[in-house]
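Subject: A structure for you to look at

Hello,

I am passing a structure on to you, and I hope you enjoy looking through it. Please open it next to this message.

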Amino acid sequence: MSYNMMFSPMKIGTMEVKNRVVMTAAEFSLGQTNGQPTDKMINYYVERAKGGVGLITPGICRVNDMGATSSFTQLSMARDENIEPMRRMAEAIHENGAKLCIQLHHPGRQGYASSINSLPLIIPIADRFPKFPDMLFKATPLLLSLEEKKICMSLQAPSKCELSAHGATRVHAMSRREIKSTINDFIQAAVRCKKAGVDAVELHSTHGYLLHQFLSPNTNKRKDEYGGSLNNRMRFIREIILGIKEQCGRDYPLIVRLTADEMYDRIGQAGKGYDIDEGKRIAVELEKLGVDAINVSCACYDTYNYWLEPTSFEPGWRAYLAKEIKSVVDIPVIAANFIRSPEQAEKQLEEGYQDFVGSARNFICDPYWAKKAQEGHPEKIRRCIGCLHCIKSFIANATVGGVGECALNPTVGIEKEWNELVPDGNGRNAVVVGAGPAGLMSAIVLNKRGFKVTVFEKEVKAGGQVNIAAAGPHKDKLHWAIEDMLEELKNSGIEIKTGIEASAKMLEELKPYAVILATGGIPIRPQSIEGINNDNVVTAPDVLLNKVEIKDSKVAVIGSGLTGLETTEKLNENGNEVTVIEMADKIAGNAWFQFVDDSLSRIKPYGTQFMLGTKLDKIGNSSVSVIKENGAVKQTVKADYVVLAMGVRPCNTLAEELEKANIKTALVGDADHGGTIGNATRSAFTTAMNI
């Protein structure tokens, strides 16, 4: 298939973009504490420019260093000192054929209170003492704990309002003086961007940040000229837009990223915030103000899953929002719309849903997504599976000075080093045992290093634990990870021998330089529990892989982790009455909250019972005995079947045999310790790079 429309040029105001492919903003903490780009950040975006993206919008760029921080290492255009460093990034991106747009941002109620007034002190110290940021990040957990206890300064918001689901613990209504000062911050940041050779600026008016907060009646309850009617709620962004146009010139391209619908109805709170009808009215007014394009998004932190979708969502599910906005404006419309394939992108362009196709996660996962499509090889694209390792890792790493990660692209942040990697394998034999995500990633890295790689997989089908995860309801896209890595290995000429269980003797004969064991894990079945081996006891993989079919029965699921929740979903769909028994006091306590919210939204309508703080004691033929409240209370729960979803234990007995044979061996993925796809591939990448 050709993608003629996607790879045709189009203008945004006076800026001509070579194609319709936009990398939308996603913060990954690649900058410095002073807000300047690092070489690491520049290399990261240059790689996406080389990969064929037409317009690149880096992560959030703060307009004020005093109290507008969402990450200590995000970009900043709050100071003149940052103009020349930004010019260096702009020129590097231009040299590789892409245009640069900077997203101007203020978090409002969703920022870090610990950053208020601190950055102006931190920046000069960090500039003078390079190791100072490390000390800062060591103190971050303490600072965040103080925020949780409300021992912190309050953040700016349009008005006193409910706290964000994921944000500061204290906010205050901005004074008129603060409003005017912040408006000027946005304008002057845009002026600096223009001076730095940045091609366009984007106002971040979505996902519950300050500009969006002013637009929403849920967060803007002001009684003055900046609140009340839509016209008044738009005054804040209106004055910013008019100021930018006045000081940068009418011809300087200005984009607004807009929440078209806050999506509160999706979480059972219809009537809260604003919907698509008001979103359309906002878009019309933005065009009248001279905005050159609208980047359509939706939702906010309170409705997180509807702007940063988990894997269960269908590609293109929210394309209708862009089409609604496009129906009322004549300026270009950019939209992400959970696009996952070039075919989907081309179709949405052809059918008039949007003028530009946007994505962040596609290009994080595969920097060469666009180039592969343009050259007629979409089958080579490494597809984003919506595993959310990017946002989870970013939030975890940002507080300790690390960068965001991608489960399927461990080279994020080390693009230059990866591209310049000197092959040192020298054709020596290396063996990988296991063809799950950890094994396949190990093979890819070892091949890049110049080893002759052989992969053994005891099952007839590659995939390991991903085959189980992808069998859960609405989780089939997870298997893309395996399909795409297999395609990469095939193109590299790496042999995968399936249906063969590797033995120490077999591997000895190959005389490998090294062996990586990615042999996965097996379901935990505690033999200390009476009745654990009864005929009515099965494991979660048995259910998910349809090895056992349970219908119209009473079922006890032991464990509420993600596997337990996915199994519960499937059992619900088959007409079963499910009780989930969990030792912890929280459902899926170690899982990323978005997946938990997503699964529970489908589980709750079935009336599934959750027994938290409850331990399985004994299994009978038609019931289970459980213990609650520190062993003081015993209960009996009716259960025709018991499904064990208690996690996996490493399957690594081969390691002991290889050690006796004096063969260099390393364990990765679940064979080392259980975890997510991202954990598996990260351990494999690190091990294979250093073996």
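Below is what was found in one helix and in some of the salt bridges.

Please keep in mind that this is a predicted model.

Helix α2

A good place to begin is α2, which runs over residues 83-95 and has 13 residues. From its first C-alpha to its last, α2 reaches 18 Å, close to the 18 Å expected at 1.5 Å a residue. Which residues of α2 are buried? They are I83, P85, M86, M89, A90, A92 and I93. The cover over these buried residues includes two helices, α1 (39-50) and α5 (176-195), together with β4 (55-56), β6 (75-76) and β7 (99-105). Just after α2 you will find G97, which takes a positive phi of about 90°.

Salt bridges

Side chains of opposite charge can pair when their charged atoms come close. In this model the count comes to 35 salt bridges, and three of them are described here.

Let me start with R176 and D224, whose side chains meet at 3.7 Å, N to O. This pair links distant parts of the chain: R176 belongs to helix α5, while D224 sits in the loop between α6 (210-215) and α7 (230-233), 48 residues apart. Is each partner buried or exposed? R176 is partly exposed, as its relative accessible area is 46%, whereas D224 counts as buried at 13%.

The other two pairs each lie within one helix. An α-helix has 3.6 residues a turn, so residues three or four places apart point the same way.

In helix α9 (residues 276-288), R281 and E278 are three residues apart, about one turn of the helix. Their side chains form a salt bridge at 3.3 Å, N to O. R281 is partly exposed, with a relative accessible area of 44%, and E278 is buried, with 12%.

In helix α22 (residues 593-603), D598 and R602 are four residues apart, again about one turn of the helix. The closest N and O atoms of this salt bridge are 3.0 Å apart. D598 is buried, with a relative accessible area of 4%. Elsewhere, salt bridges that share partners join R176, R222, D224 and E225 into one network, so you will meet the R176 and D224 pair from above there again.

Happy exploring, and best wishes

Technical notes: Residues numbered from 1 in each chain as written. Predicted model: local features only at pLDDT ≥ 70, side-chain atom pairs only at ≥ 80, totals over all residues. Heavy atoms only, no water. Expected span 1.5 Å × (residues − 1). Buried < 20%, exposed > 50% of the residue type's maximum accessible area, 1.4 Å probe, protein only. Contact = heavy atoms within 4.5 Å. Salt bridge = Lys/Arg side-chain N within 4 Å of Asp/Glu carboxyl O.
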